[in-house]
Amino acid sequence: MSLRARLKLPKEHGAWAMLYVPFLIGILVAGRVSLPVLLLLLAVSCLFIARESLLPWWRARRRGQRADAARRMMLIYLTLAALFGAPLLFYFHLWKLVWLGVPVLILLAVNAEQATRREDRTILGEILAIIGLTTTAPAAHYVAGGAWQPTALWLWALNAFYFTSSVFYVRWRVLSAHARHAEEREQIKWHCALYHSFLVVALGVLALTGNISLFVLLAFAPAVGRAFWYLLRPTAALSLPRIGVLEIVYSTIFLVLVWLAYARS
């Protein structure tokens with residue numbers, strides 16, 4: 001058994017990016033690294049890993065079955081998350097983390113219930129997961145800066161919008177190559193087109209009203225461009241590893257440009 005399997009680490013590489021890219025953006029925009037930031041990193045990592053055991057335990061529980069191994073690993077990681085997170089509240093008095101923690105726990109429970117019904121891979125299920133994962137942006141910004149600022153919510157929104165793009169794009173690429181029915185392929189095509197059109201309009205309005213800078217527009221450009229490129233020129237050729245690598249590249253560009261946008265403001 002591999003180390004990953006023994007430690008029950010999540011297999012989804014994209015989910016790791018959705019967790020840590022917003023986290024890094026929050027720190028970089030705040031411009032400070034400290035002990036509370038390290039504690040937050042460990043706490044959110046353990047909570048994220050706990051989900052890997054929570055889902056099979058929840059599913060077994062709903063079916064009246066036992067899943068002792070999953071329950072044990074879940075409790076270990078949740079305990080570690082609590083131990084790392086407690087000083088943030090009781091020593092550093094960063095109580096506004098509770099505002100973010102409660103919605104995350106609710107979304108985690110919803111995601112677990114969706115997984116039981118095999119609905120966690122739906123578009124809605126994945127978007128809800130992204131909303132939960134990208135809370136690391138406002139959390140890291142708050143903890144790194146030591147005070148709550150409206151910028152934290154902007155970072156959360158930008159990261160959630162950015163990573164939601166990948167949900168529609170990857171589904172479109174997969175279904176354009178392997179959809180069993182033309183209707184299914186056309187449906188995701190229009191979903192992808194509508195979402196990215198909305199994204200372009202929303203970002204344009206925010207830029208014109210002075211809420212975001214040119215660098216933020218540039219940060220979204222690779223994601224928007226790759227979506228419209230394949231919408232206009234669909235192909236049956238599909239390489240998921242290549243798509244995954246490119247998504248990491250696009251995410252890195254997004255991280256750097258959003259950081260520069262706020263560093264210049």
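**Aromatic pairs and helix packing in the predicted model**

The structure holds 15 aromatic pairs. The model is a predicted one. A pair of aromatic rings is described by the distance of the centres and the angle of the planes. Tyr195 and Phe198 form a tilted pair, with 6.2 Å from centre to centre and 50 degrees between the planes. Both residues belong to helix H9 (residues 182–208), where they are three residues apart and therefore separated by about one helical turn. Tyr195 is buried, at a relative accessible area of 12%, whereas Phe198 is partly exposed, at 41%. Tyr195 and Phe198 also belong to one aromatic cluster together with Phe161 and Phe168.

An edge-to-face arrangement is found for Phe220 and Phe254, whose ring centres are 5.3 Å apart and whose planes are at 85 degrees. Phe220 lies in helix H10 (residues 214–232) and Phe254 in helix H11 (residues 240–263), so this pair ties together parts that are 34 residues apart in sequence. Phe220 and Phe254 are both buried.

The two helices that carry this pair pack against each other. The axes of H10 and H11 come within 6 Å and cross at roughly 155 degrees. Because angles over 145 degrees count as roughly antiparallel, H10 is described as roughly antiparallel to H11. The crossing of H10 past H11 is left-handed. On the H10 side, the meeting residues are Phe215, Val216, Leu218, Ala219, Phe220, Pro222, Arg226 and Tyr230. Their counterparts in H11 are Arg242, Glu247, Tyr250, Ile253, Phe254, Leu257, Val258, Leu260 and Ala261. The aromatic pair of Phe220 and Phe254 is thus made by residues listed at this interface.

Two residues on the H10 side of the interface, Arg226 and Tyr230, also take part in contacts between a charge and a ring. Arg226 lies over the face of Tyr169, at 4.0 Å from the ring centre. Tyr230 supplies the ring in the other case: the charged end of Arg173 sits over it, 3.8 Å from the ring centre.

A second helix packing involves helix H3 (residues 35–62) and helix H5 (residues 97–116), whose axes are 9 Å apart and meet at an angle of about 45 degrees. H3 and H5 are therefore oblique to each other. H3 passes H5 in a right-handed crossing. From H3, the contact draws on Leu47, Arg51, Leu54, Leu55, Trp58, Arg59 and Arg62. From H5, it draws on Val104, Leu108, Ala109, Asn111, Ala112, Glu113, Ala115 and Thr116.

Helix H3 also contains Phe48. With a relative accessibility of 7%, Phe48 counts as buried, because the limit for this class is under 20%. When neighbours within four places in sequence are left aside, Phe48 is in contact with Pro10, Ala15, Trp16, Leu19 and Leu133. The C-alpha atoms of Phe48 and Leu9 are 8.9 Å apart in space, while the two residues are 39 residues apart in sequence.

Asp68 lies in helix H4 (residues 68–90). Asp68 is partly exposed, with a relative accessible area of 39%. Along the chain, Asp68 and Tyr262 are 194 residues apart, and their C-alpha atoms are separated by 47 Å.

Note on methods: Residues are numbered from 1 along each chain as its sequence is written. This is a predicted model: local features need pLDDT of at least 70, side-chain atom pairs count only at pLDDT 80 or more; totals for chains, interfaces and linings use all residues. Side-chain values use heavy atoms; hydrogens and water are left out. Rings of Phe, Tyr and Trp (its six-membered ring) pair if their centres lie within 6.5 Å; planes under 30 degrees apart count as stacked, over 60 as edge-to-face and the rest as tilted. Helices (H or I, at least four residues) and strands (E, at least two) are DSSP runs, numbered from the N terminus. Buried means under 20% relative accessible area, exposed over 50%, partly exposed in between (1.4 Å probe, protein chains only). A charge sits over a ring if NZ of Lys or CZ of Arg is within 6 Å of the ring centre and within 35 degrees of the ring normal. Axes are lines fitted to C-alpha atoms, for helices over the stretch in contact, and angles run from 0 to 180 degrees between N-to-C directions. Angles under 35 degrees count as roughly parallel, over 145 as roughly antiparallel, 65 to 115 as roughly perpendicular and the rest as oblique. A crossing is left-handed if the near helix is turned anticlockwise from the far one by less than a right angle, and right-handed if clockwise. Contact means heavy atoms within 4.5 Å.
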